[in-house]
Amino acid sequence: SIPIPLESEEKSSKILEFWSDCQKNGVFSTLVSMDTGTPKGIFGLFPDENKNPNETEYSIMVKSDGEPPSGFREVVIPEATWAVFDCRGPVPQAIQSGWKFLLEEWLVKYPFQHARCPEMEWYSDGNSYAEDYLSQIWIPVMKEKQ
């Protein structure tokens with residue numbers, strides 16, 4: 001994981017740089033080999049608590065049943081109800097468009113109570129440059145009391 005400035009332009013470029021570094025240094029391929037999710041895919045995670053008001057931490061991870069290897073850590077995601085947004089198309093444009101829609105349109109029309117759980121991005125196994133590539137944004141929400 002790395003610290004990411006909350007200012008949006010720098011935030012996007014730092015996340016892209018982090019993914020690139022993880023592909024170059026072997027972290028990405030290690031994560032892919034550990035993935036036991038169905039369907040397979042890699043998550044990008046934004047924690048639910050910010051200790052620093054100017055930055056957040058961003059991590060990449062997979063669902064795995066095994067012990068994390070040296071240099072990796074386990075993160076347990078609490079059970080939650082999720083608003084899931086499909087983002088179709090090449091990365092990073094599709095996921096960035098998804099966040100733009102979420103922040104500028106969906107949140108305006110459908111304000112919600114955020115659950116105490118991280119926000120996540122999910123990147124499916126496959127060609128991330130394809131026009132039909134699937135990535136998702138997962139936002140933890142509180143169920144309304146009936």
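This passage describes the overall fold of a predicted model of a protein chain and then turns to its salt bridges and to several single residues.

The protein chain contains three helices and six strands, and these elements follow one another along the sequence in the pattern β-α-α-β-β-β-α-β-β. The radius of gyration of the protein chain is 15 Å, and since a compact globule with 146 residues would have a value near 15 Å, the two agree. Along its principal axes, the C-alpha trace spans about 45 × 35 × 30 Å. Of the 146 residues in the protein chain, 36% are buried, and the surface that the chain exposes amounts to about 9,500 Å², with carbon and sulfur atoms supplying 51% of it. When contacts between residues at least 6 apart in sequence are considered, 70% of them join residues that are at least 24 apart. The protein chain carries 13 positive and 23 negative charges, and the mean positions of these two sets are 4 Å apart.

A search of the whole structure finds three salt bridges. One of them joins the side chains of Glu57 and Arg73, with a distance of 2.8 Å from N to O. Glu57 belongs to strand E3 (residues 55-61), whereas Arg73 is placed in the loop between E3 and strand E4 (81-88), so the pair ties together parts of the chain that are 16 residues apart in sequence. The two partners also fall into separate classes of accessibility: Glu57 has a relative accessibility of 32% and therefore counts as partly exposed, while Arg73, at 54%, counts as exposed.

Another salt bridge is formed between the side chains of Asp65 and Lys63, for which the distance from N to O is 3.9 Å; a salt bridge is counted here when the nitrogen lies within 4 Å of the carboxyl oxygen, so this pair is included. Asp65 is exposed, with a relative accessible area of 65%, whereas Lys63 has a relative accessibility of 49% and counts as partly exposed. Because the class "exposed" begins over 50% and "buried" applies under 20%, a value of 49% falls in the class in between.

A further salt bridge is found between Lys100 and Glu104, whose closest N and O atoms are 3.0 Å apart. Both Lys100 and Glu104 lie in helix H3 (residues 93-109), where they are separated by four residues, or about one turn of the helix. Lys100 counts as partly exposed at 49% relative accessibility, and Glu104, also at 49%, is likewise partly exposed.

Two cis peptide bonds can be described in the model, each of them leading into a proline. The bond from Thr38 to Pro39 is cis, with omega near 0 degrees, and Pro39 is located in the loop between helix H2 (27-34) and strand E2 (41-46). The bond from Val91 to Pro92 is cis as well, with omega near 10 degrees, and Pro92 is located in the loop between E4 and H3.

The residue Val91, which precedes Pro92 at this cis bond, is also among the residues touched by Ser128. Ser128 itself is situated in the loop between strand E5 (119-124) and strand E6 (134-141), and with a relative accessible area of 24% it is partly exposed. Leaving aside residues up to four places away in sequence, Ser128 touches Gly89, Pro90, Val91 and Tyr133. Ser128 and Thr56, which are 72 residues apart in sequence, have C-alpha atoms that are 25 Å apart in space.

Met61 offers an example of a residue in a strand, as it is found in E3, the strand that also holds Glu57. Met61 is buried, with a relative accessible area of 13%, a value that lies under the limit of 20% used for this class. When residues up to four places away in sequence are not counted, Met61 touches Leu31, Ile42, Phe43, Leu45 and Val75. For one of these residues, Leu31, the separation along the chain is 30 residues, while the C-alpha atoms of Met61 and Leu31 are separated by 6.7 Å.

Key
Residues are numbered from 1 along each chain as its sequence is written. This is a predicted model: local features need pLDDT of at least 70, side-chain atom pairs count only at pLDDT 80 or more; totals for chains, interfaces and linings use all residues. Side-chain values use heavy atoms; hydrogens and water are left out. Helices (H or I, at least four residues) and strands (E, at least two) are DSSP runs, numbered from the N terminus. The radius of gyration is taken over C-alpha atoms; the globule rule is 2.2 Å times the number of residues to the power 0.38. Buried means under 20% relative accessible area, exposed over 50%, partly exposed in between (1.4 Å probe, protein chains only). Contact means heavy atoms within 4.5 Å. Accessible areas come from the Shrake-Rupley method with a 1.4 Å probe; for residues, only the protein chains shown count as cover. Lys and Arg count as positive and Asp and Glu as negative; His and the chain ends are not counted. The place of a charge is taken as NZ of Lys, CZ of Arg, CG of Asp or CD of Glu.
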